[in-house]
Each structure stands twice: as structure tokens, then as C-alpha cells.
Amino acid sequence: MAEEGQQSTPLPHINTYHCLCTTLILTTTHALESLPRRAEPVQDGAVILAPPVDLTASENVVHDKSRPSQSVLLNTVSDRRPVIIRREDGFEKRTLLRCGRCRLVIGYNLDDAHFENAGQITGQERPVYLLPGGMLATADMVSGKRAEVPPWAENIGGG
Ligand SMILES: [Zn+2]
């Protein structure tokens, strides 16, 4: 009987996030609150959900193949046409990600043009920007908390 000495691999805590309509949108080992957010002058404070492959390759990033990306987006659909969002310092081309059920905007991708090495990456490897106000952690949903959708996302008609 080796139960005492057995090293149990600690399972990562999986966070789950839902759309306002309760559709499961995201499962991730990260807490949304702990993820980096887009900095000024981007005003939406979108959470950056890093892709499995690191694009910026800064020296701060450790490539740890034993810990692959464990964030999964579910039940989302991308708009076919990007939208242009005006920023203080220019424009940004975004492809919106919507809840597949109620079409609420829950995040977006940036156009290839926003990445210097656009020719080398695929859509799968780009970061996804999530609007934290548009999703509810499961615990928040249970407690009846309401999500907040930024005005720019609300004003864009669905379809
Ligand atoms: Zn929804």
C-alpha cells in the first residue's frame, strides 16, 4: 500500500465562464481577473487570452511544453466581417466573437494587420481578447450578478 507516499499531481483549478444567456463560453485554468488586460490607450480593458503559441517571444516568457494552453472557447461564432473601432491613437480592425446562442459580443480577434509577423501565424495562434463584462463566472451567475457590456459592443447590431 503506497498511498501515503504517492505523489498526487495537483489538478489545476478550472474556471468556467458563461454568457449572459448561461451558455458556457470559456473554460480555462486561468482566472480571468489574473490575466493581463489591454493597456491604454485601449479603453475596453479587454482581457488578453494568450494563444497556445507565444507570439511576442519576449525573454520573460518561458516555453513550458508540459503546460499547454488550457483555455478553451466554446459555443462561440466569429463575425464574417470585421468592424473598425476608433481609438484615440487610430483605428483597430476587430473580428467579433459572439455567443453562438444569443449573439452577444463576448470578445474579439484583431486583424492580421495588427501583427508584425502576420504572415507566419494563423488565426489559431492569435490571442483572443475577451470582454470580461460580457461573461459571468459560474459562481457569479449563480448569485445573480449581471454582466456589463461595453457601449461599443452593444451598438453593433447582430446580423
Ligand atoms: Zn449568449
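Glu92 is buried, with a relative accessible area of 1%. This acidic residue opens the report on a predicted model. The text moves outward from Glu92 to the aromatic pair, the zinc site and the strands around them.

**Around Glu92**

Glu92 sits in strand S7. Its side chain makes a polar contact of 2.7 Å with the side chain of Arg94. Leaving aside residues up to four places away in sequence, Glu92 touches Arg38, Val42, Val83, Ile84, Ile85, Arg87, Tyr108, Leu110 and His114. Two residues in this setting lead on to the aromatic pair. One is Arg94, the polar partner of Glu92. Another is Tyr108, a contact of Glu92.

**The aromatic pair**

How many aromatic pairs are counted? The count comes to one. The rings belong to Tyr108 and Tyr129; their centres are 5.4 Å apart and their planes meet at 25°, so the pair is stacked. The cut-off for stacking is an angle under 30 degrees. Tyr108 belongs to strand S8 (residues 105–110) and Tyr129 to strand S9 (residues 128–130), so the pair ties together parts 21 residues apart in sequence. Tyr108 and Tyr129 are both buried.

Each ring has an arginine over its face. The table gives the distances.

| Arginine | Ring beneath | Distance to ring centre |
|---|---|---|
| Arg38 | Tyr129 | 4.6 Å |
| Arg94 | Tyr108 | 4.1 Å |

Arg94 thus has two roles in this picture: it lies over the face of Tyr108, and its side chain is in polar contact with that of Glu92. Arg38 lies over the face of Tyr129 and also touches Glu92.

**The zinc site**

Which residues coordinate the zinc ion? The donors are the SG atoms of Cys19, Cys21, Cys99 and Cys102, at 2.2 to 2.3 Å. Along the chain they follow the spacing C-x1-C-x77-C-x2-C. Cys19 lies in strand S1 (residues 15–19) and Cys99 in strand S7 (residues 90–99), so this pair ties together parts 80 residues apart in sequence. Cys19 and Cys99 are both buried.

Why is the arrangement tetrahedral? The four donor atoms subtend angles of 98 to 114° around the zinc ion, which makes it so. The rule asks for all angles between 85 and 135 degrees. For comparison, the ideal angle for four tetrahedral donors is 109.5 degrees.

Strand S7 therefore appears twice, with Cys99 as its link to the zinc site. Glu92 lies in strand S7 as well.

**Strand S8**

Ile106 is found in strand S8. Ile106 is buried, with a relative accessible area of 0%. Its contacts, not counting residues up to four places away in sequence, are Ile25, Thr76, Leu97, Arg98, Cys99, Tyr129, Leu130, Leu131, Gly134 and Met135. This list includes the zinc ligand Cys99 and the stacked Tyr129. Ile106 and Ile25 are 81 residues apart along the chain, yet their C-alpha atoms are separated by 8.5 Å.

Asn109 is also in strand S8. Is Asn109 buried or exposed? Asn109 is buried, at 13% relative accessible area. Outside residues up to four places away in sequence, Asn109 touches Lys93, Arg94, Thr95, Leu97, Arg126, Pro127 and Val128. A polar atom of the Asn109 side chain lies 3.4 Å from the backbone oxygen of Pro127. Pro82 is 27 residues from Asn109 in sequence, and their C-alpha atoms are 9.1 Å apart.

**Two loop residues with positive phi**

Most residues other than glycine have a negative phi. Thr22 is not a glycine, yet has a positive phi of about 75°. Thr22 is placed in the loop between S1 and strand S2 (24–28). Its relative accessibility is 43%, so Thr22 counts as partly exposed.

Asn75 has a positive phi of about 55° and is not a glycine either. The loop that holds Asn75 runs between strand S4 (71–73) and strand S5 (76–78). Asn75 is partly exposed, with a relative accessible area of 45%.

**The chain as a whole**

The protein has two helices and ten strands. From the N terminus on, the order is β-β-β-β-β-β-β-β-β-β-α-α. Of the 159 residues, 36% are buried. Among contacts between residues at least 6 apart in sequence, 49% join residues at least 24 apart.

How values were computed
Residues numbered from 1 in each chain as written. Predicted model: local features only at pLDDT ≥ 70, side-chain atom pairs only at ≥ 80, totals over all residues. Heavy atoms only, no water. Donors = N, O, S within 2.8 Å, 3.2 Å for Na, K, Ca; no water. Tetrahedral: all angles 85-135°; square planar, octahedral: opposite > 155°, others 65-115°. Helix = DSSP H or I, 4+ residues; strand = E, 2+ residues; numbered from the N terminus. Buried < 20%, exposed > 50% of the residue type's maximum accessible area, 1.4 Å probe, protein only. Polar contact = N/O pair within 3.5 Å; in protein donor to acceptor, adjacent residues only side chain to side chain. Contact = heavy atoms within 4.5 Å. Phe/Tyr/Trp six-rings, centres within 6.5 Å; stacked < 30°, edge-to-face > 60°. Lys NZ or Arg CZ within 6 Å of the ring centre and 35° of its normal.
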